[in-house]
Amino acid sequence: MNTAAKLGVYVLGLAVVFGGALGVGKATGQAASPVAITTASPGTNGHAAMTQQTTESHTEQAKSNTPGGLQVSENGYTLDPVTPIATGDPAEFRFTIIGPDGDPVTRYQVEHDKKLHFIVASRDLTSFQHVHPEMSADGTWSVKLAVPKPGSYRAFADFAPEGGEKLTLGADLQAAGDYKPEPLPEVSRTAKVGDYTVELDGDLVTGQSSKVTLTVRKDGKPVTDLQPYLGAYGHLVALRAGDLAYLHVHPEESATAGPEVTFYVEAPSRGDYRLFLDFQHDDKVRTAAFTATAATADGHAPSTTHGHG
């Protein structure tokens, strides 16, 4: 058989293979998946190369689409709680970050004035604490900690190892006792924290960075002398209701110390989210909390808020 004839048979074979795959997809009611095509030189296993390329692509896409805090281990780093959490009087809570070499990590980059930020939230999202533990020379972090009631909690370690990427790892914690979950608070764009009132303006939209502005007032008057906290005039943590995914929140730099503090929140999906604003005034840090419902870009599931202080 001459070269042209051989080539014709080879192309016909390819047509049969891809046509058969398409036919199977139609027969099962599913569309055929896109196929990554790689050229292979003689003696190269083209199928293995194609499979590796496709797998790597899917892995990278999954990483980019996975919010922080859902995994206890990522990129070889693991959040390892050493002690249980307690209710009542604060007790020492200890944990480590285990690195790819199997040893506790001892070198971190400074992010928002701290080497590591530690968050503890109840599964019903009615309890929230943002604390800053101290690290000993052996890489063990410790902080005095107590949760307000028994039940299930999620701990988040937000950090960037020296020379590595920023990570947010999450681990489940249990506080002994009878657990009675509470519903999210009533709908409101206003949260009361002692003598302070915080108003939220802006809506969450899935698939894009959404601008939200929080305005702080004390006794009805705008607060214009907020004190810097963690390198800004406010620090915002956003958690998705249900799985407590930890969202990316970016503060907007401001030359004025209030009353407005602006952030950009990236909501990955429709649904309810809990927003926790930490702000400092009169040398004390206070937390205002809201529940916001993320909408799609076409306006489905319009944003609403539930206030809670």
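Does Glu182 count as buried, partly exposed or exposed, and why? Let me keep that question open for a moment, and say beforehand that what we have on the screen is a predicted model.

Glu182 sits in a loop, namely the one that runs between strand 9, residues 167–175, and strand 10. Its relative accessibility is 43%, and because the partly exposed class lies between 20% and 50%, Glu182 counts as partly exposed. If we leave aside residues up to four places away in sequence, Glu182 touches Asp124, Thr126 and Lys149. With Lys149 there is also a polar contact, in which the two side chains are joined at 3.1 Å. Please look at Leu125 as well, since Glu182 and Leu125 are 57 residues apart in sequence, while their C-alpha atoms are 8.5 Å apart in space.

From that loop, let us move to the nonpolar cores. The largest of them has 28 residues, and the ones with the most contacts inside it are Val198, Leu236, Phe263, Val265 and Phe290. Several strands each supply at least two residues of this core, among them strand 10 (190–193), strand 12 (209–218), strand 16 (260–266) and strand 18 (284–294). A second core, separate from this one, has 25 residues, including Tyr77, Phe95, Val131 and Leu167.

I would like to stay with Phe263 for a little, as it lets us connect the core to the strands. Not counting residues up to four places away in sequence, Phe263 touches a list of residues that includes Val212, Leu214, Leu236, Val249, Pro251 and Leu277. One of these, Pro251, is also the bridge partner of Phe263 in strand 16. Strand 15, which covers residues 249–251, is joined to strand 16 by 3 bridges, and these two strands run antiparallel. Strand 16 is likewise joined to strand 12, again in antiparallel fashion, through 7 bridges, and within strand 16 it is Glu266 that stands opposite Ser209.

Finally, which order do the strands take in the open sheet of 5 strands? The order is 1-2-3-7-6, and the pairing is antiparallel. At its edges we find strand 1 (73–74) and strand 6 (134–135), each of which pairs on one side only. For strand 1, 2 bridges join it to strand 2, residues 77–81, with the two running antiparallel, and Glu74 has Tyr77 as its bridge partner in strand 2. Tyr77 is a residue we have already met, as it was included in the second core.

How values were computed:
Residues numbered from 1 in each chain as written. Predicted model: local features only at pLDDT ≥ 70, side-chain atom pairs only at ≥ 80, totals over all residues. Heavy atoms only, no water. Core = buried A, V, L, I, M, F, W, Y, C linked by side-chain atoms within 4.5 Å. Buried < 20%, exposed > 50% of the residue type's maximum accessible area, 1.4 Å probe, protein only. Helix = DSSP H or I, 4+ residues; strand = E, 2+ residues; numbered from the N terminus. Contact = heavy atoms within 4.5 Å. Polar contact = N/O pair within 3.5 Å; in protein donor to acceptor, adjacent residues only side chain to side chain. Pairing = 2+ DSSP bridges.
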